[in-house]
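Welcome! Have a look at the chain below, and then we can reason through a few of its side-chain contacts together.

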Amino acid sequence: MRTARTAILIVGFNTILAIVAFVMFHNTIKGITSMGALDYSGLTNLYTVMVYIEFGIIAIIVPAITAGAVAGERERQTLDVMLASRISPLAVIWGKMLSCMQIIVVVCISSLPVLSIVFVYGGIRITNLLVLLFVIICTGFYFGSIGLFASSICKKTTAAVITAYVGMVAVVILTGGIVYIAEKLSVEFVKENNSFMEGISNIMLINPATTIVGLVGDQLETESYFEELLFYGVARREGMFVKNWTFYSVAVQLFMSTVLLFISAWILNPLKFGLWRRVKKIYEKRKDKKSVISG
């Protein structure tokens, strides 16, 4: 946490956001002076672009940070020493995750002053920024769990980083591609029975991109082509499920993150196969006893 790399990460992260905000805000002001009227679409676009950039940067840096957490210990030959102590594998995984989350939380909080530029002309409430901060942190936790899972199954850091990015691409792009292809191949079928696309579109619950896009759309009360594409088959449904899509998607992603962390801890457990053998022996003994009694 207290390293030059963390400081450089925070400065670079906010510099990118600040440059984008300055350029877009300057163009908005220039448009106001030339037309003599305030174009609120430029301000909403500013907020949308900044949120998407922050999401993209988090998606890039988090897997790179967490992917080397366990694999790096294995390369330095310190993992066996750590597991030989009284520290449980689950404690090791959670410790690595919390270490990563500290960086994510600091980076996200540090971006609030830059995002607050949208308050100049209104349209965004402070509660919107707080909700956005919470969702971004949950997204970082989700990506971090993917990185730790990749780190626990790979022996080398390079392989772990590549595996983490492949998993992230599968979650973000592959799920969207499945829904898009299903929509293109079943246009005629959907006209008769929309339940098919409704079922397929539920896979987007594990896609954090739909969470961010849906959240921004709810806050700005707008719907872009990108949002319509992501929510095909979902946006056409009504009820509590669709109105609380962000809540349900965050809950599903947090659940999946917890499962991945527990699986990662199980993979690191050096006694997992010995435990399985003991359970198998107990089962075989009980089976033999039943056969003797029945015989």
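The questions and answers below deal with salt bridges and aromatic pairs in this predicted model.

Q: Which residues are joined into one network by salt bridges that share partners?
A: Let's take the two salt bridges of the structure in turn. In one, the side chains of R76 and E73 meet at 3.4 Å, N to O. In the other, the side chains of E73 and K96 meet at 2.8 Å, N to O. Salt bridges that share partners thus give one network of E73, R76 and K96.

Q: How many residues apart in sequence are the parts tied together by E73 and K96?
A: The side chains of E73 and K96 meet in a salt bridge. E73 belongs to helix α2 (residues 40-75) and K96 to helix α4 (residues 89-110), so the parts this pair ties together are apart in sequence by 23 residues.

Q: Is E73 buried or exposed?
A: A residue counts as buried when its relative accessible area is under 20%. E73 has a relative accessibility of 11%, so E73 is buried.

Q: What kind of aromatic pair do F247 and Y248 form?
A: Start with the four aromatic pairs in the structure. One of them is F55 with F143, a tilted pair with 50 degrees between the planes. F55 lies in helix α2 and F143 in helix α6 (residues 126-153), so that pair ties together parts 88 residues apart in sequence. For F247 and Y248 the ring centres are 5.5 Å apart and the planes stand at 70 degrees, so this pair is edge-to-face.

How values were computed. Residues are numbered from 1 along each chain as its sequence is written. This is a predicted model: local features need pLDDT of at least 70, side-chain atom pairs count only at pLDDT 80 or more; totals for chains, interfaces and linings use all residues. Side-chain values use heavy atoms; hydrogens and water are left out. A salt bridge is a side-chain nitrogen of Lys or Arg within 4 Å of a carboxyl oxygen of Asp or Glu. Buried means under 20% relative accessible area, exposed over 50%, partly exposed in between (1.4 Å probe, protein chains only). Helices (H or I, at least four residues) and strands (E, at least two) are DSSP runs, numbered from the N terminus. Rings of Phe, Tyr and Trp (its six-membered ring) pair if their centres lie within 6.5 Å; planes under 30 degrees apart count as stacked, over 60 as edge-to-face and the rest as tilted.
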